[in-house]
Amino acid sequence: MSFKIYSNDSIGSVDWQRLADILELSGLNKRELQSLQRGFEHSQFRYLGYCDGKLIATARAISDLTSASYLSDVAIHPDYQGRGFGKLLMQRIMQDLAPFGKVIIYAVPDKIEFYKRFSFHPLLTAMTYAEGDALTRLSSNGYIPPLA
């Protein structure tokens, strides 16, 4: 199997529905296609991973290019997980982002151990702002403590 990672300007055209499906199947939220495209296009770092020409992986990040980056939407299609593609994607991402200082990721609870392999550490003081259904989803999916 041939795995190739494209980034930023080398990405070309994107199958937004396929990208949305990968995120949802990987345990991230279902995305409205226009919002997904807007978020992806406005990120400074964008990654798409292809296995034998088929889109199977994605990630994106924003950064101040000085001291901090926020990594988001790291996902490998479930049919391709466990084959080392996530490791290759993370190695590429960290090659790009680590020189800019700390990298923060908002991880799916069952993927925390995966990120620890790349020297990520849980934050004890991280906080989030959300309202309504978004807040309820965060709590019910284990991202924040149960709501009182």
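Aspartate 96 and arginine 92 share helix 3 (residues 85-97), where they sit four residues apart, about one turn of the helix. In this predicted model, their side chains meet in a salt bridge, with an N to O distance of 3.3 Å. Aspartate 96 counts as buried because its relative accessibility is 19%, and the cut-off for buried is under 20%. Arginine 92, at 24% relative accessibility, counts as partly exposed.

This helical pair belongs to a set of four salt bridges found in a search of the whole structure. Another brings together the side chains of aspartate 73 and arginine 31, at 2.7 Å from N to O. Here the partners come from distant parts of the chain, 42 residues apart: aspartate 73 belongs to strand 4 (residues 68-76), while arginine 31 lies in the loop between helix 1 (16-25) and helix 2 (33-41). Aspartate 73 has a relative accessibility of 10% and therefore counts as buried. For arginine 31 the value is 23%, so this residue counts as partly exposed.

The side chain of aspartate 73 also meets that of arginine 60 in a salt bridge, with 2.8 Å between N and O. Because aspartate 73 is in strand 4 and arginine 60 in strand 3 (residues 54-63), this pair ties together parts that are 13 residues apart in sequence. Both aspartate 73 and arginine 60 are buried. Taken together, Arg31, Arg60 and Asp73 are linked in a network of salt bridges.

Attention now turns to the nonpolar side chains. In soluble globular proteins, such side chains tend to be buried together. The largest nonpolar core of the model has 25 residues, and the members that touch the most others are Leu71, Val74, Leu89, Met90, Ile93 and Phe120. Two or more residues come from each of strand 1 (3-7), strand 2 (45-51), strand 3, strand 4, helix 3 and strand 5 (102-105). With six residues, helix 3 gives the most to this core.

What does methionine 90 contact, leaving aside its neighbours within four places in sequence? The partners are Leu71, Val74, Phe114, Tyr115, Phe118 and Phe120. A second core, separate from the largest one, has 15 residues, among them Val14, Leu36, Tyr50 and Ala75.

The aromatic residues add further detail, with nine aromatic pairs in the structure. One of them joins tyrosine 80 and phenylalanine 85 in a tilted arrangement, with 6.4 Å centre to centre and 50° between the planes. Tyrosine 80 and phenylalanine 85 are both buried. Tyrosine 115 and phenylalanine 120 form an edge-to-face pair, with 5.9 Å centre to centre and 70° between the planes. These two residues, tyrosine 115 and phenylalanine 120, are likewise buried. Ring pairs also join Phe114, Tyr115, Phe118 and Phe120 into a cluster, and these four residues are among the contacts of methionine 90.

A charge and a ring come together as well: the charged end of lysine 4 sits over the ring of tyrosine 6, at 5.3 Å from the ring centre.

Notes:
Residues numbered from 1 in each chain as written. Predicted model: local features only at pLDDT ≥ 70, side-chain atom pairs only at ≥ 80, totals over all residues. Heavy atoms only, no water. Buried < 20%, exposed > 50% of the residue type's maximum accessible area, 1.4 Å probe, protein only. Core = buried A, V, L, I, M, F, W, Y, C linked by side-chain atoms within 4.5 Å. Contact = heavy atoms within 4.5 Å. Phe/Tyr/Trp six-rings, centres within 6.5 Å; stacked < 30°, edge-to-face > 60°. Lys NZ or Arg CZ within 6 Å of the ring centre and 35° of its normal.
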